[in-house]
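Colleague: I would like to learn how to read a model of protein chains with DNA, one feature at a time. Could you take me through it slowly?

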Protein chains: 2
Amino acid sequence: MSEAPVRPPTILDVAREAGVSKSTVSRVLDERLPTSHSPTAQRVREVAQRLGYRRDRFASALRRQQTRTVGVLVPRLTDTVMAMTFERIAAACARRDQFAIVATTDDDPATEREAIERLLDQRVDGLVLTTARLGDDVTSGLRERGVPVVLALRSDGTTPSAAGDDELGGYLATRHLVDLGHRRIALVAGPAYASSALGRRAGFRRALAEAGVEDVDHLVHESAFSMESGEEVARRVLAGTDRPTAVFAVNDNTAIGVLAAAQALGLSVPDDLSVVGYNDVPVSARLPQPLTTVRVPFDQIASAALELLDEARAQAPARDVTVAPTLIPRSTSGPVPTQV
Amino acid sequence: MSEAPVRPPTILDVAREAGVSKSTVSRVLDERLPTSHSPTAQRVREVAQRLGYRRDRFASALRRQQTRTVGVLVPRLTDTVMAMTFERIAAACARRDQFAIVATTDDDPATEREAIERLLDQRVDGLVLTTARLGDDVTSGLRERGVPVVLALRSDGTTPSAAGDDELGGYLATRHLVDLGHRRIALVAGPAYASSALGRRAGFRRALAEAGVEDVDHLVHESAFSMESGEEVARRVLAGTDRPTAVFAVNDNTAIGVLAAAQALGLSVPDDLSVVGYNDVPVSARLPQPLTTVRVPFDQIASAALELLDEARAQAPARDVTVAPTLIPRSTSGPVPTQV
DNA sequence: CTGTTAGCGCATTCAC
DNA sequence: GTGAATGCGCTAACAG
């Protein structure tokens, strides 16, 4: 009564059933070749379909020396931005008959090295890294080993990258606050090692400069990307003298931390304090105070990353793709409070 | 000046360098065999290490007919519970020299079937499903095809499963509210197709029965698992007559939706309304009102799922593993408001 | 367009 | 213990 260990049909089964050689089957089913419409080809496809034939990717990869698999490296999947990014990359891979696998670094360089080796052990055809830090380069070592690499969400000035236009996003967020009358706007700036954070910072400066605010250094507060960090920075900034009337946070996580700090300090949002985040993660729209934020087209970034990976494989010169974000005004931003 | 396309060393390179045959190398490096300490074995290992030899998983899998890869199916990774679960499964896989790959279903049966086929195309050695629905069985079809399958987070009464003790968790959450004096406690109950939701519902009933509340049917409100659903249900329930003094929500997502509804209706938490969630996702601790919730040991669930998968491969009889959750009291739960 | 042949890198016979 | 030979399932080089 044990189950039949039904071995899936091989190319040879299809060949026999269709009365051709296995080479013919292999060629007919080769997705890289132009589709033949000869009677033989049609019969082979029909038989393959009927037998439920699926190519063994392992045997195929062994021979082709490529796996149609892309490795994606993220700090952690519990960061919704990273989960979204990976999901979109996986979907884009599915559309091109590739498969995306993921590994996490937990923001730790040693773990990152291990994670990369684990991905390479899976013989991925290329890597998409979301973990780039300015001044640190894992990518050069990888390229020396002949591994195609691109960056997503961040750039490093060297490796091909697909990212949002962070300068524009930072400008839009800040400009929104400026338009509402705010001038004393604090920036929870994120870490200096991330190009994304620096870009948003530059946009912040541009918007304030346009509004005639030049002395902005004291408004910029470095932070991590976490909720904890946002709360901690906000507690400090909001408790000080000359309290800002608005905060632009480098991402939704830190913005949520800012909201928590505001609540703890008894500040009402947006009456006492306006807050703008970045990324538009799903929870942002569903907070007790729906968060004003900047939406990033993650699916465009995902598709672009895969195209850049193709180019990298073809030894094409490196280029960067940048896609424009959109401001999503919600209820955490409002007019500047009238002075008392 | 093009880069050297350095082919990674094969078992043959190691064999030559160590002066033995490739069979010997293969055996020495076979992790399933007991480690030999003969001089030859030590030399082979030393050479392999020195050359940076890594076994080609594709060639190996082709021969062994097993890939040391586990497929994980989740509804979506942007649901932090699912992201946590997958992360822990991936970590547990890493500890046992396996690799976890993931595919998403978006809660859609057709997408689910495709996702399963995509995972099977990757020749996974087994599947971990987090998407089980009572009364619907994907798993029987898979077992007929000889694919080892286990469930995580949910159970279906048939397939081996690793999950939290949802009845206990539901009891702990409700008991906490009962202890604070609440009796009119609404349950945002989740969907009836999920065993997890039903378990929490049962625990809810037990705690209320203990408190002498028997007529609970009108307190139970079915929902989805999303923030949207939680908000929608809460808007209805909190607007009605005989407003409950507390809400136990089937998960943190719906609890966040409840908080949003409470805010919109001008109810203060926990003064007018207590709210308890489930899962303790990271954002819960960082909400403007840190959420009282139930913590689930996801890493134990992950490890157990992989053990069950081993057992399934060995044709062992199906069993379920259940791990105990913990109540995490925070600031959304407080004493029942005094009647006015 | 088709079939024959060889081999990707490894694990497993089988003989020693 | 060790080595020679075979083949996992597929693709590619070659000849027709």
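Modeller: We will go through the copies, the DNA, the domains, the strands and a few backbone details in turn, bearing in mind that this is a predicted model.

Colleague: Let me begin with the two protein chains: how is chain B related to chain A, by what turn and what shift?

Modeller: In general, two copies of a chain are related by a rotation about an axis and a shift along it. In this model, a turn of 180° and a shift of 0.1 Å along the axis lay chain B on chain A with an RMSD of 0.1 Å. The two copies are therefore related as by a two-fold rotation axis. Among the residues of chain B, Phe58(B) comes closest to that rotation axis, with its C-alpha at 2.5 Å, and the same surface serves both copies, since 100% of the contact residues of chain B recur in chain A.

Colleague: How many residues of each chain are in contact, and which elements of chain B take part?

Modeller: The contact joins 42 residues of chain B to 42 residues of chain A. On the side of chain B that touches chain A, the elements that each supply at least two residues include helix 4, helix 5 (80–95), strand 2 (99–104) and helix 6 (109–121). Helix 5 of chain B gives the largest share, six residues, and by class this side of chain B divides into 22 nonpolar, eight polar and 12 charged residues.

Colleague: Turning to the DNA, which residues come nearest to DNA strand C, and which are the closest to DNA strand D?

Modeller: A useful habit is to take one DNA strand at a time and to note which chain each neighbour belongs to. Around DNA strand C there are 25 residues, of which Thr40(A), Thr10(B), Ile11(B), Ser23(B) and Ala59(B) come nearest. Helix 4 of chain B gives the most to this surface, with five residues, and the surface near DNA strand C has seven nonpolar, 10 polar and eight charged residues. DNA strand D is surrounded by 23 residues, and the closest are Thr10(A), Ile11(A), Ala59(A), Ser21(B) and Thr40(B). Here the largest share, five residues, comes from helix 4 of chain A, while the classes are six nonpolar, 10 polar and seven charged residues.

Colleague: How is chain A divided into domains, and how many residues of domain 2 are in contact with domain 3?

Modeller: The domain assignment of chain A gives domain 1 (11–55), domain 2 (69–164 + 298–323) and domain 3 (166–296), so you should notice that domain 2 is written as two segments. The centres of domain 2 and domain 3 of chain A, taken over C-alpha atoms, are separated by 28 Å, and 11 residues of domain 2 are in contact with 11 residues of domain 3. Helix 5 (80–95) and strand 5 (161–164) of chain A are the elements that give two or more residues to the domain 2 side of this contact.

Colleague: How should I read a strand, and is strand 2 of chain B buried or exposed?

Modeller: In a regular strand the side chains alternate between the two faces of the sheet. In strand 2 of chain B, Phe99(B), Ile101(B) and Ala103(B) point one way, whereas Ala100(B), Val102(B) and Thr104(B) point the other way, and all are buried. This strand is mostly covered, with six of its six residues buried. Strand 1 (residues 69–74) of chain B pairs with strand 2 in the parallel sense over six bridges, and Val72(B) stands opposite Val102(B).

Colleague: In the open sheet of chain A with the order 7-6-8-9, which strands stand at the edges?

Modeller: The four strands of this sheet pair in the parallel sense. Strand 7 (220–221) and strand 9 (274–276) of chain A stand at the edges, each with a single partner strand, so one side of each is left without a neighbour in the sheet.

Colleague: Finally, which backbone details should I look for, and where is the peptide bond to Pro270(A) cis?

Modeller: The peptide bond from Val269(A) to Pro270(A) is cis, with omega near 5°, and Pro270(A) lies in the loop between helix 11 (252–264) and strand 9 of chain A. The peptide bond from Val269(B) to Pro270(B) is also cis, with omega near 5°. A positive phi is another detail to look for: Asp97(B), a residue other than glycine, has phi near 55°, and Asp97(B) is found in the loop between helix 5 and strand 2 of chain B. Asp97(B) counts as exposed because 10 other C-beta atoms lie within 10 Å.

Terms used. Residues numbered from 1 in each chain as written. Chains lettered and ligands numbered in written order. Predicted model: local features only at pLDDT ≥ 70, side-chain atom pairs only at ≥ 80, totals over all residues. Near = placed C-beta within 6 Å. Nonpolar A, V, L, I, M, F, W, Y, C, P; charged D, E, K, R; others polar. Contact = placed C-beta atoms within 7 Å. Least-squares fit on C-alpha atoms with pLDDT ≥ 70 in both. Buried ≥ 20, exposed ≤ 12 C-beta atoms within 10 Å, placed from the backbone. Pairing = 2+ DSSP bridges.
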